[in-house]
Amino acid sequence: MKTPEMRDLSTEVFSEFKFHIENVKFTILSDRGTERAGIDPQKESYVQLHFHSYFELFYVNSGNFAIKFEDKEEQFQKDDMIIVSPGINHRTLVPNSGISRYNINFLMEKSSVKTEISLYDALSKALAQPYLHFSNCPDVRPIIKKTVSSILSADKMNLCLNFHELIVNILSKTDMYAVMPQPASTLSDSSMLRMYKLQQVIFKCYMQDISLEYIAKKLYLSTRQASRVIQQYYGCSYRELVTQMRMRVAAELLLSTEMTVLEISAHVGYNSIKGFYSAFKKHYNCLPTEYRKAHPDWDKKSGIPTDKNK
C-alpha cells in the first residue's frame with residue numbers, strides 16, 4: 001500500500017515514439033526533462049517519493065546525485081548509468097548545482113515479429129530487478145547524447161538506430177549478452193554494430209524502392225562495406241534480403257488481416273501485382289491466395305494460428 005508521501009506518476013503525458021527492434025516494441029516517452037542540465041537542487045528537493053509505469057534511464061554527465069529508494073539511498077557520480085524499473089518507489093536527490101544528466105524514459109513489450117534472437121527475453125532478464133547501476137562507463141556517453149538529440153529533434157529513424165545501439169551496449173554490460181544466441185558467422189564488434197544498424201534501416205525502408213547505395217550512405221558506410229556485412233551475416237545479397245523481408249511481412253498480413261492481395265502487394269512495396277505474385281510464388285512455392293486458403297484456422301483477431309502444429 002502506498003503511503004501518503006508516495007505519488008503515482010504513471011499517468012504523466014508525454015510525446016511518444018514507437019518502433020521495433022528484433023522482437024521488442026519500444027516506446028520512448030519524451031518530455032522537456034529528457035536532457036537535464038544545471039538542475040536547481042532546491043526545486044528538485046521537493047520531489048516526493050513516487051513511481052512510474054515505465055523504465056527511467058539516467059546518465060550522469062557531470063557532478064553527482066543520489067536516488068532514494070524506500071529502504072536505502074544510492075550515490076551516483078560522473079559517467080554512471082542507472083536504470084530504474086517500473087513500479088519502484090524512488091526520488092532523486094541533487095546535492096549541488098553542478099549536476100548535468102541525461103534522462104530517457106521507455107516502455108517495452110514483446111511483439112509478434114519472429115526473429116532469430118529473442119531480445120525481449122534477454123532484456124526482461126537483465127532488467128528484472130529494482131534498478132541497474134553501471135559505474136564508470138564513458139563509452140555510453142556519445143550513444144546517450146545521440147539518442148537524446150534524436151528524441152529532441154523528433155528524428156524517429158535515427159532514434160531507432162541510436163536506441164538500438166544503446167540497448168546492445170546495455171546488454172553487453174550484463175550477463176545476458178553472453179547467453180544470447182549469436183550468429184553462426186563470427187563478426188567483429190564493429191561489424192555486428194553495423195549489422196544491427198543496417199537491419200533497422202532496412203526494416204524501416206523495405207517497402208520503398210531504395211538502393212544499397214542509399215542505405216550505406218545513410219549509415220556512413222561504403223557500398224562494399226554494407227554489402228559485405230549483409231552477405232556475412234544473412235548469407236544473401238541486399239536485394240534478396242529485402243525480398244525476404246517483404247515476403248515475411250506479406251505472409252503475416254495474409255494470415256492476420258483481411259487485406260486484399262492487391263493491398264498487401266502495395267503495402268510491402270510492389271508497384272506491380274504481377275511482380276508480387278511472381279516473388280511470392282518463388283519464395284513460398286504457392287500463390288498468395290493459396291497460402292491464405294492453406295491456413296483456414298488462422299485467428300484473424302489475434303494473429304495467432306490455432307493449430308499449434310502448423
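These legends accompany several close-up views of a predicted model.

**Figure 1. The whole chain sets the scene with twelve helices and 14 strands.** Welcome to the overview, a good place to get your bearings. The protein has 310 residues, and 45% of them count as buried. Its exposed surface comes to about 16500 Å², with carbon and sulfur atoms supplying 50% of that area. If you like contact maps, consider the contacts between residues at least 6 apart in sequence: 71% of these join residues at least 24 apart.

**Figure 2. The largest nonpolar core gathers 36 residues.** Nonpolar side chains tend to be buried together in soluble globular proteins. Here, Tyr238, Phe276 and Phe280 have the most contacts inside the core. Two or more residues come from each of α6 (189-205), α7 (212-218), α8 (223-234), α9 (238-256), α10 (261-267) and α11 (273-284). Helix α9 gives the largest share, eleven residues. A second, separate core holds 35 residues, including Ile28, Leu119, Ala126 and Leu171.

**Figure 3. Phe276 meets a varied set of neighbours.** Leaving aside residues up to four places away in sequence, Phe276 touches Met247, Ala250, Val261, Ile264, Ser265, Val268, Tyr270 and Pro288. Two of these names return in the next view: Met247 and Ala250 are buried residues of α9.

**Figure 4. Helix α9 has the end-to-end span expected of it.** With 19 residues at 1.5 Å a residue, α9 should span 27 Å, and its end C-alpha atoms are indeed 27 Å apart. The buried residues in this helix are Tyr238, Leu241, Val242, Met245, Arg246, Met247, Val249, Ala250, Ala251, Leu253, Leu254 and Leu255. As a reminder while you follow the side chains, an α-helix has 3.6 residues a turn, so residues three or four places apart point the same way.

**Figure 5. Two cysteines are buried, and the disulfide count is zero.** Cys236 counts as buried because its relative accessibility is 4%, under the 20% cut-off. Cys286, at 15%, falls under that cut-off too and so is also buried. The count of disulfides in the model comes to zero.

**Figure 6. His90 is buried in strand β10.** This strand covers residues 90-93. The relative accessible area of His90 is 1%, so the residue counts as buried. Its side chain reaches the backbone oxygen of Ile88 at 2.8 Å. Around His90, beyond residues up to four places away in sequence, the contacts are Gln48, Leu49, His50, Phe51, His52, Glu56, Ile67, Lys68, Phe69 and Val84.

**Figure 7. Tyr54 is a buried loop residue.** The loop in question runs between β5 (50-51) and β6 (55-62). With a relative accessible area of 3%, Tyr54 is buried. Its side chain makes a polar contact of 2.7 Å with the side chain of His52. Look also for Leu107: Tyr54 and Leu107 are 53 residues apart in sequence, while their C-alpha atoms are 5.2 Å apart.

**Figure 8. Thr27 sits in strand β3 and pairs its side chain with Lys18.** Strand β3 spans residues 24-30. Thr27 counts as buried, at 3% relative accessibility. The polar contact between the side chains of Thr27 and Lys18 is 3.3 Å. Setting aside residues up to four places away in sequence, Thr27 touches Glu16, Phe17, Lys18, Asn105, Phe106 and Leu107. Of these, Asn105 is 78 residues from Thr27 in sequence, and the two C-alpha atoms are 8.5 Å apart.

Terms used: Residues numbered from 1 in each chain as written. Predicted model: local features only at pLDDT ≥ 70, side-chain atom pairs only at ≥ 80, totals over all residues. Heavy atoms only, no water. Core = buried A, V, L, I, M, F, W, Y, C linked by side-chain atoms within 4.5 Å. Buried < 20%, exposed > 50% of the residue type's maximum accessible area, 1.4 Å probe, protein only. Helix = DSSP H or I, 4+ residues; strand = E, 2+ residues; numbered from the N terminus. Contact = heavy atoms within 4.5 Å. Areas by Shrake-Rupley, 256 points an atom, 1.4 Å probe, with all protein chains shown as cover. Disulfide = S-S within 2.5 Å. Expected span 1.5 Å × (residues − 1). Polar contact = N/O pair within 3.5 Å; in protein donor to acceptor, adjacent residues only side chain to side chain.
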